[in-house]
Amino acid sequence: MLQQPIQSSFDLGNGRIVTIETGRLARQADGAVTVKQGNCILLATVCANREPREGQDFFPLSVDYQEKFASAGRIPGSFFKREGRLNDYEILVSRLIDRSLRPLFPEDYLCDVQVLVTLISSDPEIMPDSLACLAASAALAVSNIPIKEIISEVRVARINGAMVVNPSRTELASADMDFMIGATSKNLMMVEGESKECLEADVVKALAVAHDAIRIQITAQEELKAKVGVQGKRDYPKPASDESIQQKVNEFATERVYTISKGASSKADRSLGYDLLKKELIASFGTELTSEQTKLVKKYYEDLKWEVVRNMMLDDKIRLDGRALDEVRGLNMEVDVLPSPHGSALFTRGETQSLTTITFGTPLDELLVESAAKSEYNKFILHYNFPAFSTGEVKPMRGPGRREVGHGNLALRSLKQMMPGNDYAYTVRVVSDVLESNGSSSMATVCAGSLALMDAGVPIPKHVSGVAMGLITRPTDGKYAILTDILGDEDHLGDMDFKVTGTRDGICGIQMDIKIDGLSMETMMEALEQARKGRLHILDAMYQEIAAARPEVKPHAPRMQKLFIDKEFIGAIIGPQGKIIQEIQRETGTTINIEEVGNQGEVSVFSPAKEGLERAVAWIKGIVAMPEVGEEYESKVKSIMPYGAFVEFMPGKQGLLHISEVSWKRLENLDGILKEGDTVKVKLVGVDHKTGKFKLSRKALMPKPDFNPEDGNNNNQN
């Protein structure tokens with residue numbers, strides 16, 4: 001029999017109970033829990049090897065989040081009808097968990113750890129991503145895998161002016177701030193989210209609300225851990241160390257590392273100087289070094305570089321490239337750099353460069369995004385590519401990895417805030433190809449993307465820029481340095497790196513990873529304010545390059561227009577067996593897509609030529625327009641009958657021009673008067689409201705004769 005499961009619960013607020021349970025599922029894992037809220041249930045497992053792999057010199061943590069389609073009673077839509085590789089949404093959730101968990105492990109812990117979080121039951125209103133990190137942390141808490149602290153993660157959204165922790169899916173749809181925040185009981189660890197131009201003070205308020213909620217969740221995990229009776233954490237092999245080698249490395253290289261760091265302004269010069277010094281350092285030990293000792297020399301050398309450069313910035317206020325702490329690198333930008341894409345921009349900041357293009361598509365090009373709970377189409381797509389040559393390296397091309405997905409998502413969330421609404425007809429794809437990288441290519445993507453969108457004629461109201469910030473602290477004396485527009489090396493050296501995007505009026509996106517304890521809200525506010533100044537500096541340069549979106553798309557770009565019509569007219573546009581819509585597309589060279597949205601019909605007209613678009617739109621407007629009695633219309637004769645002619649006086653609308661209404665003269669037939677294909681001007685004189693038939697007259701537009709038309713004279717009145 002299964003042992004009795006152990007549970008711990010807490011209230012998210014308003015009676016929303018979350019229950020953590022262990023001891024019933026996946027009992028051979030080192031740690032396993034389920035987290036349940038409503039009908040949403042997540043299973044989290046964690047396993048760790050007892051020994052590191054031979055030669056292992058880094059911490060191999062892998063985190064995977066996956067949603068089972070069975071959790072929502074659905075079968076996957078793929079050809080194989082089973083879950084495949086993680087989709088972008090699952091990768092993004094995996095990254096959120098990973099970034100919060102990774103700092104919890106001891107620096108000398110090098111054993112493989114695998115964390116798996118699986119959605120096994122779905123609730124349409126409960127967002128599982130806001131519970132995923134809680135589940136992962138709880139699985140670690142009930143295991144004996146060595147971690148320094150327990151953490152949790154929550155979503156905070158601002159809805160109607162109020163900060164709400166873990167809102168429902170329906171509530172989140174109306175939020176103007178959406179942040180995911182991870183923390184220990186004492187310190188913030190990770191922040192990621194988007195907003196509709198919020199202020200820096202709003203971010204700090206959201207962090208405070210999140211931290212209060214996280215402390216409650218950590219208490220629940222500690223209660224569960226106590227009930228399980230976890231007796232300490234397992235011991236693990238420590239990597240080799242040698243104080244004498246470390247001392248010799250420090251004596252030989254400290255001053256020279258400082259000289260290189262202070263004097264070489266380019267990444268290539270620094271890398272070359274560091275590499276040459278490392279070779280001299282190893283050679284200085286002679287030939288008696290074993291392979292393990294050589295690894296130690298290299299490790300201590302990297303540790304020394306980390307310490308020397310940090311102290312240089314803190315004590316001398318000197319950065320690796322000689323800039324002031326709050327200085328943005330040199331900017332260079334250009335729009336319309338490529339002739340064939342529908343929009344393009346090249347953005348260069350120091351040694352980071354993004355070439356970004358815009359492509360317009362139809363509703364048929366929208367991206368289908370599937371998760372267990374829902375399937376939806378996105379008409380704004382952003383792809384970020386980071387080839388190896390951007391850092392001067394040689395690596396095989398394997399498609400986008402998790403880094404590319406995460407960086408692209410931050411840029412997409414930022415630019416999305418300025419995109420036009422659903423009435424904008426185009427599907428828009430933004431592609432950022434990073435050609436050089438030395439610090440925050442994701443922020444270069446935001447800037448280049450904003451420039452390219454305006455160049456393409458997408459009606460975004462404001463530019464969005466982004467800047468990557470860094471923080472270096474020294475707890476021994478309380479010194480700290482906030483760095484604007486960090487280099488790649490400064491990112492590695494820092495205690496906190498965060499990226500902030502936004503307009504002149506507020507923040508659109510944020511991504512933050514904090515690696516230290518005890519970061520005060522005052523320091524956070526100072527860093528956010530310095531980021532705002534850097535963002536505004538970049539925005540000023542962007543507005544000088546292109547101040548507003550082009551009024552029209554480029555001549556070679558496809559034309560598209562969206563119309564909203566009453567639902568009852570959808571059938572009239574399509575026609576019997578699609579006859580009308582096919583005729584419109586054939587005659588105008590357009591592609592027309594019609595969707596039913598609520599009580600309206602959404603008609604998207606796509607054309608490679610402006611003239612064709614205008615003809616098709618006019619045709620459709622004619623079909624949905626309501627004829628007015630007394631109005632005059634140019635009509636086309638469709639067929640001749642003994643009693644009159646049927647004419648099309650508006651697109652899709654025909655009426656009878658009775659033989660008695662053709663002329664003031666009495667006619668026996670229409671021979672010689674009208675034939676099929678003729679154009680004739682008519683007046684709408686009435687509508688039979690019972691049958692919906694239109695009564696038309698030609699003679700009403702002709703002067704009435706002052707004689708009896710029955711006498712057969714004055715034939716020119718025909």
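**Exercise 1. Place Tyr 300 in the structure and decide whether Tyr 300 is buried or exposed.**

Step 1. Tyr 300 has a relative accessibility of 6% and therefore counts as buried, where buried means under 20% relative accessible area, exposed over 50% and partly exposed in between, with a 1.4 Å probe and protein chains only. This is a predicted model, in which local features need pLDDT of at least 70 and side-chain atom pairs count only at pLDDT 80 or more, while totals for chains, interfaces and linings use all residues. Residues are numbered from 1 along each chain as its sequence is written, and side-chain values use heavy atoms, with hydrogens and water left out.

Step 2. Tyr 300 sits in helix α7, residues 291–316; helices (H or I, at least four residues) and strands (E, at least two) are DSSP runs numbered from the N terminus.

Step 3. Setting aside residues up to four places away in sequence, Tyr 300 touches Ser 241, Asp 242, Ile 245, Gln 246 and Val 249, contact meaning heavy atoms within 4.5 Å. For Ile 245, which is 55 residues from Tyr 300 along the chain, the two C-alpha atoms are separated by 8.2 Å.

**Exercise 2. Describe helix α1, including its span and the residue that caps its N-terminal end.**

Step 1. Helix α1 runs over residues 88–101, and its 14 residues reach 20 Å from the first C-alpha to the last, close to the 20 Å expected at 1.5 Å a residue; the expected span is 1.5 Å times one less than the number of residues.

Step 2. Because 12 of the 14 residues of α1 are buried, the helix is largely enclosed by the rest of the structure. Among the buried residues are Ile 91, Arg 95, Asp 98 and Leu 101.

Step 3. The N-terminal cap of α1 is Asn 87, with a side-chain oxygen 3.1 Å from the backbone nitrogen of Tyr 89.

**Exercise 3. Work out the surroundings of Arg 155 and of Asn 166.**

Step 1. Arg 155 belongs to strand β7, residues 152–159, and its relative accessible area of 5% is why it is classed as buried.

Step 2. The side chains of Arg 155 and Asp 129 are joined by a polar contact of 2.9 Å, that is, a pair of N or O atoms within 3.5 Å, where within protein one must be able to donate a hydrogen and the other to accept it, and residues adjacent in sequence count only if both atoms are side-chain atoms. Beyond its neighbours within four places in sequence, Arg 155 contacts residues including Met 127, Val 165, Asn 166 and Phe 179.

Step 3. Asn 166 lies in the loop between β8 (162–165) and α3 (169–172), and its 4% relative accessibility makes it buried. Although Asn 166 is not a glycine, it has a positive phi of about 50 degrees.

**Exercise 4. Identify which residues touch the most other members of the largest nonpolar core.**

Step 1. A nonpolar core is a set of buried Ala, Val, Leu, Ile, Met, Phe, Trp, Tyr and Cys residues joined through side-chain atoms within 4.5 Å. The largest one has 154 residues, of which Ile 97, Phe 360 and Val 428 touch the most other members.

Step 2. Outside its neighbours within four places in sequence, Phe 360 contacts residues including Tyr 424, Val 428, Val 458 and Pro 558. A second, separate core of 18 residues includes Leu 563, Ile 573, Ile 581 and Val 624.

Step 3. For the protein as a whole, 52% of the 718 residues count as buried.
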